[in-house]
Amino acid sequence: MAAWIAIATGLAAIVLAVATVILAKRGARLKAALRRTGSALRQEVAGSLDLDDVVARILDSSLALPGVDAAVLELEGDERGGMVKSAGMSRDNAVRQGELGSKLAVPLEGELGPLGSLTVFSGSVSELEHEAGDEVAELVRRAVPALDNAFRYREARRLADMDALTGLRNRRFFHETLQRECNRAHRYGRSLALLVLDLDDFKAINEQVGHLAGDAVLAETATRVRAALRASDIACRVGGDELAIILPEAGATQAAQLYARVEETVSSKPIATIARLTLSGGIAELAPGDDATTFFERADDALYRAKQAGKAQLSGA
């Protein structure tokens, strides 16, 4: 009996040793594959000028690094007031994971100055800097130029889409965005509203104060309009003294409320020598048969009716 026990124990030890070797080899192959994947992803980081795409590539590359369970990329200077993106888990969960294991934070310094930081987290590796420090450094080395280029491209696009006088989006951007929002609203059954505005008696203002001063009045009006917007509203100058505001996820009621806020903000105090400036508006809510052209035409027709009715008037399509 003792002999059988000894034999069984020996066989078990052999099996355990073989299994350990097999698992070790598999682990090594998996680790090598992850490193190759991470290397390939790092090579692709600079393959786009779109900021969101570059961020996604950086985060994917981070997750492919050994021992990394989550990554958080924080960027400064984005036109939306800053960007924080995470992968693997939410930012809060990643922070908790790092408290249980370890984390490694690396600042991102580019030609444009401080860009933000990349932080990787692990719940199982106690020395993440030792385990993946070199790989993270190499990833950051490739990521910084890609982010610099993406920020430059975004700024160039922003300037190309901007009306120089008012700082609002321009006519081309308006029509492109309206088409996209109409398609999205139809596809997903979402609400969409449009508010078109026109300064009352602007021709007379130009004649009274001159065109340069009139431009200053229009620019100040645009500044006040922006102050009344929701974060999701998209304000554009569509021609002369005519402005248009696209309201995603909103209907005619919200557009009318926005008109009231804009009218109050613009007319509440003098602009230059103009004691009180008012706006007329036309609103439309996207209908099942609308495309971008008919949608805009309905709002514009409503504006025409409002102008015909008098100053500081609002009309619906």
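In this predicted model, helices α2 and α4 run roughly antiparallel to each other, because the angle between them is over 145 degrees. Their packing angle is about 165°, and their axes lie 9 Å apart. The crossing of the two helices, α2 and α4, is left-handed.

A look at the residues involved helps to fill in this picture. On the α2 side, the contact is made by Leu51, Asp52, Val54, Val55, Ile58, Ser61 and Ser62. These meet Leu139, Ala143, Ala146, Leu147, Ala150, Phe151 and Arg154 of α4. By character, the residues of this contact comprise 10 nonpolar, 2 polar and 2 charged.

The nonpolar cores come next. The largest of them holds 30 residues, and those with the most contacts inside it are Leu51, Val55, Leu73, Leu75, Leu108, Val136 and Leu147. Two or more residues of this core come from each of the helices α2 (51-63) and α4 (128-160), and likewise from each of the strands β1 (70-75), β2 (83-87), β3 (102-110) and β4 (113-122). Helix α4 gives the most, with 11 residues.

Leu108 offers a handy place from which to explore this core. Beyond its neighbours within four places in sequence, Leu108 touches Leu73 and Leu75, as well as Val140, Val144 and Leu147. Its contacts also include Gly113, Pro114, Leu115, Gly116, Ser117 and Leu118. Separate from this core is a second one, made up of 28 residues, with Val217, Val225, Leu229 and Leu258 among them.

Methods
Residues numbered from 1 in each chain as written. Predicted model: local features only at pLDDT ≥ 70, side-chain atom pairs only at ≥ 80, totals over all residues. Heavy atoms only, no water. Core = buried A, V, L, I, M, F, W, Y, C linked by side-chain atoms within 4.5 Å. Buried < 20%, exposed > 50% of the residue type's maximum accessible area, 1.4 Å probe, protein only. Helix = DSSP H or I, 4+ residues; strand = E, 2+ residues; numbered from the N terminus. Contact = heavy atoms within 4.5 Å. Axes fitted to C-alpha atoms, helices over the stretch in contact; angles between N-to-C directions. Parallel < 35°, antiparallel > 145°, perpendicular 65-115°, else oblique. Left-handed = near helix turned anticlockwise from the far one by under 90°. Nonpolar A, V, L, I, M, F, W, Y, C, P; charged D, E, K, R; others polar.
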